[in-house]
Amino acid sequence: MPRRLAAGNWKMNGTRGNLSELDALMARHPAPSVDLLLCPPATLVTQAADRVAGHPMFIGAQDCHPAPSGAHTGDLSAAMLADAGAGAVILGHSERRENHHETNALVCDKVMAAQAAGLIALACIGETLEQREGGQTLQVIAEQIAQSLPDGATPENTVIAYEPVWAIGTGLTPEIGQIAEVHDFLRQALSDRFGSGNGNGFRLLYGGSVKPANAAEIFGVDNVDGALVGGASLRADDFSPIIDALENT
Ligand code: PEP
């Protein structure tokens, strides 16, 4: 079974003062039995990485440009993020797919850039409400997996987060059976493409309104190897019980 992972995505939230939340998390989880990843805004990556030095928690970023360098004002390359202290980067989050019109092909280029820079690519996929209601969920997931992941993806350099778009930041979560269906489908699709040895090794995170109250039930689902947590990762008081649930389920 892959080692479980609790990942937090602070999105466009947080300034230096919020880094004290990392101290609280480290104090509550001095020797976690799962991997812990926190992705603050890029402005805080270096300070966050310095703050968690010596603790197993690692720090990630929330996006990168596919090119290694060049005339791309305002963008950051994967190598720059690695140099700043990141060990991972979230890619293809639905907010970027929607707000910045990111396609599967662009996400795939970014995943390759992250891998080339030595970062773990945390690739996000998920259907919209319209697609779910139209019965297209598994087809959309299959396309996103086929087109957003490069052939060089391995369990060591890539994590996949299934995040139904309609569940992100809404307080809505799919039924447990719906999460199970997608995660089983994902496992099979990854095994078909990358071989069962690799396919079984990829960490499959669920994301979308994970809270202390629903975490244990979600973590009890087969092929759910952890969570990508937005709102509830901002405060240690909320994120810590989710980590507890992942350790104990
Ligand atoms: C996310 O940002 O990836 C996310 C899942 O957000 P939330 O937990 O707030 O729904």
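How many of the five residues of strand S6 (residues 158-162) are buried? In this predicted model, five of the five are buried, and the strand is accordingly described as mostly covered. The cover extends to both faces of S6, with Thr158, Ile160 and Tyr162 buried on one side and Val159 and Ala161 buried on the other.

The strand pairings of S6 involve S5 and S7. Strand S5 (120-125) runs parallel to S6 and is joined to it by five bridges, one of which pairs Ala121 with Thr158 of S6. Strand S7 (residues 203-207) likewise runs parallel to S6, to which it is joined by four bridges, and here the bridge partner of Ile160 is Leu204 in S7. Thr158 and Ile160, the residues of S6 named in these two bridges, thus belong to the side of the strand that also carries Tyr162.

Pockets were examined next. The largest pocket holds about 510 Å³ of space. Its lining comprises 21 residues, among which Lys11, Gln62, Asp63, Arg96 and His100 are the closest to the centre of the pocket. Helix H4 (residues 94-99) supplies the largest share of this lining, namely three residues. When the lining residues of the largest pocket are sorted by class, nine are nonpolar, seven are polar and five are charged.

The second largest pocket contains about 290 Å³ of space and is lined by 15 residues, with Arg97, Gly126, Thr128, Gln131 and Gln144 lying nearest its centre. Two or more residues of this lining come from each of H4, strand S5 (120-125) and helix H7 (137-148). Helix H4 therefore contributes to the linings of both pockets, and strand S5, which is joined to S6 by five bridges, takes part in lining the second largest one. The class composition of the second lining is four nonpolar, eight polar and three charged residues.

A further site considered is Asp222, which is found in the loop between helix H10 (212-219) and strand S8 (226-229). Asp222 is classed as exposed because its relative accessible area, 58%, lies above the cut-off of over 50% that defines this class. Once neighbours within four places in sequence are left aside, Asp222 is in contact with His183 and Asp184. As regards Glu181, the C-alpha atoms of this residue and Asp222 are 9.6 Å apart in space, while the two residues are separated by 41 residues in sequence.

Terms used
Residues are numbered from 1 along each chain as its sequence is written. This is a predicted model: local features need pLDDT of at least 70, side-chain atom pairs count only at pLDDT 80 or more; totals for chains, interfaces and linings use all residues. Side-chain values use heavy atoms; hydrogens and water are left out. On a 1 Å grid over the protein atoms alone, a cavity is a set of points where a 1.4 Å probe fits but cannot get out, and a pocket is an open set with protein on both sides within 12 Å along at least five of seven lines; lining residues have an atom within 4 Å of a point. Grid points are joined across faces, edges and corners, and a volume is the space filled by probe spheres set on the points. Ala, Val, Leu, Ile, Met, Phe, Trp, Tyr, Cys and Pro count as nonpolar, Asp, Glu, Lys and Arg as charged, and the others, Gly among them, as polar. Buried means under 20% relative accessible area, exposed over 50%, partly exposed in between (1.4 Å probe, protein chains only). Contact means heavy atoms within 4.5 Å. Two strands pair if DSSP finds at least two bridges between them.
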